[in-house]
Amino acid sequence: MSNLTESQQSVVRHLSIVLGSLSMAISLFVIVFHLCRRRTSVTGGKRRIDEPVLWLSFACFFAPLFNMHLGSFGDSLCSIEAAGNQFFYLSSFVWVTCIAHQLYTVFVRNNSRASRKHSLVYHCLGWGFPAVTVIILLFSGKFDSSASNSSYEWCWITENSWRFALFYVPLFIMLAINIAVYVIIIIIVYKRYRSMLGLRKSFYPAATTRSTFAKQTIFWALRVSLYLMVFIVTRIGSLVNRFYELTHEGYSPFGLVVLHAVTQSLQGFLFGFIYIYHERALGEVLLLVRRKWSHRSDFRNDTFVSFEKRGLANFSRFDETEEEDEEDEEDTESQNFPLAG
């Protein structure tokens with residue numbers, strides 16, 4: 001960031017700290033909420049906590065911490081910051097890919113126990129692969145050892161060739177996998193529901209059926225692809241900035257550096273927002289507060305609804321937009337698509 005003025009560097013630094021702190025707070029909320037839901041669910045806390053979204057939140061909680069210019073407080077912290085940047089951001093990419101695989105297994109394979117079955121593989125990839133890259137970089141001496149030598153005042157990998165080999169190449173591979181998986185999921189689900197509507201066409205006027213189905217398909221596809229959208233949005237800033245820097249001999253304009261800092265720092269916030277939206281977390285927390293405030297003794301079992309009834313299970317059906325007298329029929333048919341618990 002040597003081409004930036006001191007005031008511009010201060011702006012980038014403060015954006016990273018403020019937005020990173022926001023992401024950490026949201027990620028921590030998701031972790032606590034998820035653990036509380038498990039402890040109070042109908043399964044009595046006996047289920048294993050192995051959902052990729054939980055571990056994605058762990059990675060997103062720690063990643064911004066190593067993007068807050070810790071290396072400026074001492075050279076000993078610079079290497080730690082560089083290793084933390086590499087490990088937790090790369091780990092978050094893997095866990096997003098694991099979420100995509102879990103959704104694929106649920107919707108395409110109709111396997112309602114996807115998270116349990118692949119839990120060990122998810123953890124080996126989510127934590128093991130980033131750890132291997134960190135070990136390689138440490139033994140090769142390719143991490144920044146001083147903040148004064150780093151290009152953005154946050155410590156990371158020193159050479160572009162190593163950055164692309166151990167960070168951006170895996171990023172592109174996982175991004176391509178995510179896009180392919182979500183496209184397959186949407187196509188398969190579209191065909192299944194179209195087939196179902198074909199069996200039920202006698203119940204509805206043809207024009208109404210086509211219109212309703214088209215709207216439901218678009219809305220469902222957008223909802224199920226939110227993790228992919230955030231994955232793209234939070235990496236677009238760093239990709240554009242790094243490629244510009246690569247082609248302009250290390251020079252980065254202030255606007256691209258700000259875009260880099262903002263999109264990267266908001267990763268935990270945006271992923272957490274998706275979880276809160278899908279799980280209706282705020283509504284459950286407000287219900288908990290109201291019940292506790294009213295001193296009811298049964299709030300524990302009623303507040304945190306089990307994962308089987310909320311969350312990803314909402315993806316098994318399109319949002320109901322038809323009349324109330326048709327809801328029973330929708331519920332019966334949706335049982336053909338069980339989702340993971």
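Half of this chain is tucked away: buried residues make up 50% of the 341 residues in the protein chain. Keep in mind that you're looking at a predicted model. What does show on the outside comes to about 16,500 Å², and carbon and sulfur atoms supply 65% of that exposed area.

Now for the fold. You'll count 13 helices and 0 strands in the protein chain, so reading along the sequence simply gives you α after α. How do distant parts of the sequence come together? Take the contacts between residues at least 6 apart in sequence: 77% of them join residues at least 24 apart.

Let's zoom in on helix α8, which covers residues 226–247. With 22 residues at 1.5 Å a residue, α8 should span 32 Å, and its end C-alpha atoms are indeed 32 Å apart, so expectation and model agree. Even so, α8 has a bend of about 35 degrees, and you'll find it at R235. R235 is also one of the buried residues of α8. Others buried in this helix include Y227, L228, F231 and G237, along with N241, R242 and E245. Step just past the end of α8 and you reach E249, which takes a positive phi of about 55 degrees.

For another stop, go back to helix α3, residues 75–107, where I80 sits. Is I80 buried or exposed? It falls in between: its relative accessible area is 48%, so it counts as partly exposed, since exposed would take over 50% and buried under 20%. I80 and L70 are 10 residues apart in sequence, and their C-alpha atoms lie 8.7 Å apart in space.

Conventions:
Residues numbered from 1 in each chain as written. Predicted model: local features only at pLDDT ≥ 70, side-chain atom pairs only at ≥ 80, totals over all residues. Heavy atoms only, no water. Helix = DSSP H or I, 4+ residues; strand = E, 2+ residues; numbered from the N terminus. Buried < 20%, exposed > 50% of the residue type's maximum accessible area, 1.4 Å probe, protein only. Contact = heavy atoms within 4.5 Å. Areas by Shrake-Rupley, 256 points an atom, 1.4 Å probe, with all protein chains shown as cover. Expected span 1.5 Å × (residues − 1). Bend = angle between axes of the 7 residues up to and from the residue.
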